[in-house]
Amino acid sequence: MSEWFETLDGLRDAAWRRLAGGPDDATGPLRTLSLSTVDADGHPAARTVIVRAADREAARLDVHTDLSSAKVAELRGTPRAALLGWDPEPALQVRLSAHAEVLSGEVVAPIWSRVPDTARRNYGGTPPPGTPLHAPGTYEETIDRDRFAVLRFHVETLEVLHLGTRHRRAVFGGRGDGRWIAP
């Protein structure tokens with residue numbers, strides 16, 4: 001019997017299981033991913049985001065954000081993104097390349113209805129995210145449902161690297177076709 005990291009199916013399953021578990025596990029390492037986008041000047045822009053939904057069958061991840069955030073403008077300008085996560089316990093790196101879709105308005109109303117009251121204040125602050133402040137803390141936490149957005153990432157490639165005694169690395173198409181690559 002082989003270890004999970006010795007087969008393409010096992011490696012892909014481990015990555016998606018950890019990504020899908022993130023929304024329900026506040027301490028799960030693959031709940032927080034680094035998101036890289038391209039800014040208006042063509043420079044890379046990276047930040048940490050929280051995975052709110054992961055659907056392996058649809059090859060899709062959802063992240064919540066304020067519609068006024070820079071990442072929304074960046075993804076509207078260039079709807080391509082990279083996401084990166086590290087899970088230290090199994091020594092697993094997960095890299096995703098995705099096409100991004102910005103959802104807002106009535107289409108996200110069912111999702112908004114499930115956002116806890118304590119988290120709703122993250123959507124609608126005054127001034128908007130990224131605005132210069134004259135002093136720290138000089139902003140208002142307000143709730144504005146119209147500023148709630150979902151970034152939906154349609155995974156085009158999933159790359160998984162297991163750092164074991166012998167490293168193993170594979171790349172998969174968004175729907176699962178995979179092949180081994182050198183670590």
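## Strand 3 and its partners

Strand 3 is mostly covered, with six of its seven residues counted as buried. The model described here is a predicted one, and the strand offers a convenient place from which to read it. On one side, strand 3 pairs with strand 2 in the antiparallel sense over four bridges, and within this pairing R60 of strand 3 is the bridge partner of D55. Strand 3 also pairs with strand 6, again in the antiparallel sense, over seven bridges, and here D66 stands opposite F148 of strand 6.

Strand 2 and strand 3 together form a hairpin with four residues between them. The turn contains A59, which has a positive phi of about 50° although it is not a glycine. A59 belongs to the loop that runs between strand 2 (44-55) and strand 3 (60-66), and it counts as buried because its relative accessibility is 2%.

## D62 within strand 3

Which residue shares a polar contact of 2.8 Å with the side chain of D62? The partner is R152, and the contact is made between the side chains of the two residues. D62 has its place in strand 3, and its relative accessibility of 6% is why D62 counts as buried.

When neighbours within four places in sequence are left aside, the contacts of D62 comprise I50, V51, R52 and A53, together with V150, L151 and R152. R152 therefore appears both in this list of contacts and as the partner in the side-chain polar contact, given that under 3.5 Å between suitable N or O atoms is what such a contact requires.

## Nonpolar cores

The largest nonpolar core has 30 residues, of which L96, F153 and L158 touch the most other members. Leaving aside neighbours within four places in sequence, F153 is in contact with L35, A59, R60, L61, V63, L75, A81, L83, A98, H99 and A100. One of these contacts, A59, is the residue with positive phi in the turn between strand 2 and strand 3.

A second core, separate from the largest, consists of nine residues, among them I111, W112, V115 and F148. F148 of this second core is also the residue of strand 6 that stands opposite D66.

## Aromatic pairs and a charge over a ring

The structure holds four aromatic pairs. In one of them, W4 and F5 meet edge-to-face, with 5.3 Å from centre to centre and 85° between the planes. Are these two residues buried, exposed or partly exposed? At 28% relative accessibility W4 counts as partly exposed, whereas F5, at 17%, counts as buried.

W112 and Y123 form another pair, with ring centres 6.1 Å apart and planes at 75°, so that this pair is edge-to-face as well. Because W112 lies in helix 3 (residues 109-112) and Y123 in the loop between helix 4 and strand 6, the pair ties together parts that are eleven residues apart in sequence. Both W112 and Y123 are buried, and with F148 they form one aromatic cluster. The ring of W4 has a further partner in R18, which lies over its face at 6.0 Å from the ring centre.

## Backbone features in the loops

A91 is a further residue other than glycine with a positive phi, in this case near 55°. Its place is in the loop between strand 4 (80-87) and strand 5 (92-104), and A91 counts as buried because its relative accessibility is 14%.

Where in the chain does P127, which follows a cis peptide bond, lie? The bond in question runs from T126 to P127 and has an omega near -5°, and P127 is found in the loop between helix 4 (117-120) and strand 6 (148-162).

## Helix 1 and A54

G21 lies in helix 1 (residues 8-21), and its relative accessibility of 27% is why G21 counts as partly exposed. Although G21 and A54 are 33 residues apart in sequence, their C-alpha atoms are 8.1 Å apart in space.

Note on methods:
Residues numbered from 1 in each chain as written. Predicted model: local features only at pLDDT ≥ 70, side-chain atom pairs only at ≥ 80, totals over all residues. Heavy atoms only, no water. Helix = DSSP H or I, 4+ residues; strand = E, 2+ residues; numbered from the N terminus. Buried < 20%, exposed > 50% of the residue type's maximum accessible area, 1.4 Å probe, protein only. Phe/Tyr/Trp six-rings, centres within 6.5 Å; stacked < 30°, edge-to-face > 60°. Lys NZ or Arg CZ within 6 Å of the ring centre and 35° of its normal. Polar contact = N/O pair within 3.5 Å; in protein donor to acceptor, adjacent residues only side chain to side chain. Contact = heavy atoms within 4.5 Å. Core = buried A, V, L, I, M, F, W, Y, C linked by side-chain atoms within 4.5 Å. Pairing = 2+ DSSP bridges.
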